[in-house]
Amino acid sequence: MIRVEGITAFVTVVESGSVSEAARRLRLSKSVVSERLAELERSLGGMLLHRTTRKLTLTEDGLAFLGRATRILEEIERAAAEMSERRGTLSGPVRLAAPVTFGRMHLGPALYPFLAAHPGIELVLDLNDRRVDVASDGYDAIIRHRPIADSRLVVWTLSRSRRLLVASPDYLLRNGVPTTLADLDRHKAIFYTNRGVADWRFATPEGPAVVRARQAVGMNNGDMMRDAAIAGLGIALLPVFIVGPSVREGLLSEIVIDHEPEVEFIYMAHPEGRNPSAKLRAVADHLRKTFGDPPYWDG
């Protein structure tokens with residue numbers, strides 16, 4: 001008899017690329033995942049995967065079975081979601097990826113009341129600042145603070161997000177206060193390396209203007225960029241949700257020049273072709289309501 005647990009193990013191994021990673025995602029031991037794969041192959045009467053010490057590859061039978069296996073799991077999830085909706089309850093796993101700083105400062109506190117109200121939801125929240133592939137990395141959705149240019153994803157807007165130019169009072173005392181876009185060329189910049197030196201974009205009547213100041217420091221984490229600015233290493237362009245408290249405390253000063261930084265948004269994106277579950281839609285609705293419009297961190 002073909003068991004759903006075996007199909008789940010097979011699809012997860014293929015999506016993750018290894019038994020070890022599949023075991024981590026499923027929160028099972030490697031031996032259990034391997035046994036479920038073996039049991040599925042015995043039930044089907046054929047090998048689905050070529051196993052070597054270096055990698056796993058699909059057999060011809062495995063490739064043929066993968067599409068149907070994926071659709072079976074999607075149909076089961078949809079059926080479970082529909083039953084939950086009819087009962088007025090939300091349950092089951094939700095796996096999200098989100099940026100480290102935003103997740104720690106705002107996403108976690110926003111989600112905790114939602115999870116308390118829906119104890120049947122099993123949330124796995126992976127905080128990282130790297131680029132991820134939603135489907136192959138096994139996420140139901142990603143949350144990002146930047147445009148998502150991927151035609152394979154359906155993108156929902158959760159909130160607006162303003163960014164501020166900031167520097168320490170000491171840095172500005174030593175180097176002067178810029179008042180125009182041209183002035184920024186003479187200053188040291190703290191850049192977010194995941195976006196690169198073309199990240200400083202400003203709205204002008206002629207369209208977006210990109211400023212490429214001299215890089216003093218490049219970092220891939222907003223907390224560290226804020227701290228580097230507080231230490232007087234240069235000017236940073238960071239979201240209000242990161243630097244707002246430091247500006248209010250006087251650790252950083254907002255720099256107002258002749259053009260404002262382009263307004264950005266916080267997005268949630270899920271794979272195209274998959275109908276988003278009721279619980280994922282509920283998470284997105286809750287986050288929109290909690291963040292507000294304008295968002296509470298702008299206050």
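Q: Why does Ile-72 count as partly exposed?

A: Happy to walk through it; this is a predicted model. Ile-72 has 35% relative accessibility, and partly exposed is the range between under 20% for buried and over 50% for exposed, so Ile-72 counts as partly exposed. Ile-72 sits in helix H4, residues 60–87.

Q: What makes the nonpolar surface patch of about 210 Å²?

A: Val-4, Ile-72 and Ile-76 make this patch. Patch residues need over 30% relative accessible area, and Ile-72, at 35%, is over that cut-off.

Q: Why does Arg-27 count as exposed?

A: Exposed means over 50% relative accessible area; Arg-27 has 57%, so Arg-27 counts as exposed. This residue lies in the loop between helix H2 (19–26) and helix H3 (30–44). Its phi is also one to look at: near 60°, a positive value in a residue other than glycine.

Q: What makes up the lining of the second largest pocket, by class?

A: This pocket holds about 260 Å³ of space. Its lining has 14 residues, and Pro-147, Arg-195, Asp-199, Arg-201 and Glu-264 are the closest to its centre. By class, eight lining residues are charged, five nonpolar and one polar. Strand S14 (residues 264–271) gives the largest share of the lining, three residues.

Q: What is the omega of the peptide bond from Asp-293 to Pro-294, cis or trans?

A: Omega is near 5° there, and the bond is cis. As for its place, Pro-294 lies in the segment after helix H10 (278–291).

Definitions and conventions:
Residues numbered from 1 in each chain as written. Predicted model: local features only at pLDDT ≥ 70, side-chain atom pairs only at ≥ 80, totals over all residues. Heavy atoms only, no water. Patch = residues over 30% accessible without salt bridge, like charges linked within 9 Å, V, L, I, M, F, W, Y side chains within 5 Å. Areas by Shrake-Rupley, 256 points an atom, 1.4 Å probe, with all protein chains shown as cover. Salt bridge = Lys/Arg side-chain N within 4 Å of Asp/Glu carboxyl O. Helix = DSSP H or I, 4+ residues; strand = E, 2+ residues; numbered from the N terminus. Buried < 20%, exposed > 50% of the residue type's maximum accessible area, 1.4 Å probe, protein only. 1 Å grid on protein atoms, 1.4 Å probe; cavity = no way out; pocket = protein on both sides within 12 Å on 5 of 7 lines; lining within 4 Å. Points joined across faces, edges and corners; volume = space filled by probe spheres on them. Nonpolar A, V, L, I, M, F, W, Y, C, P; charged D, E, K, R; others polar.
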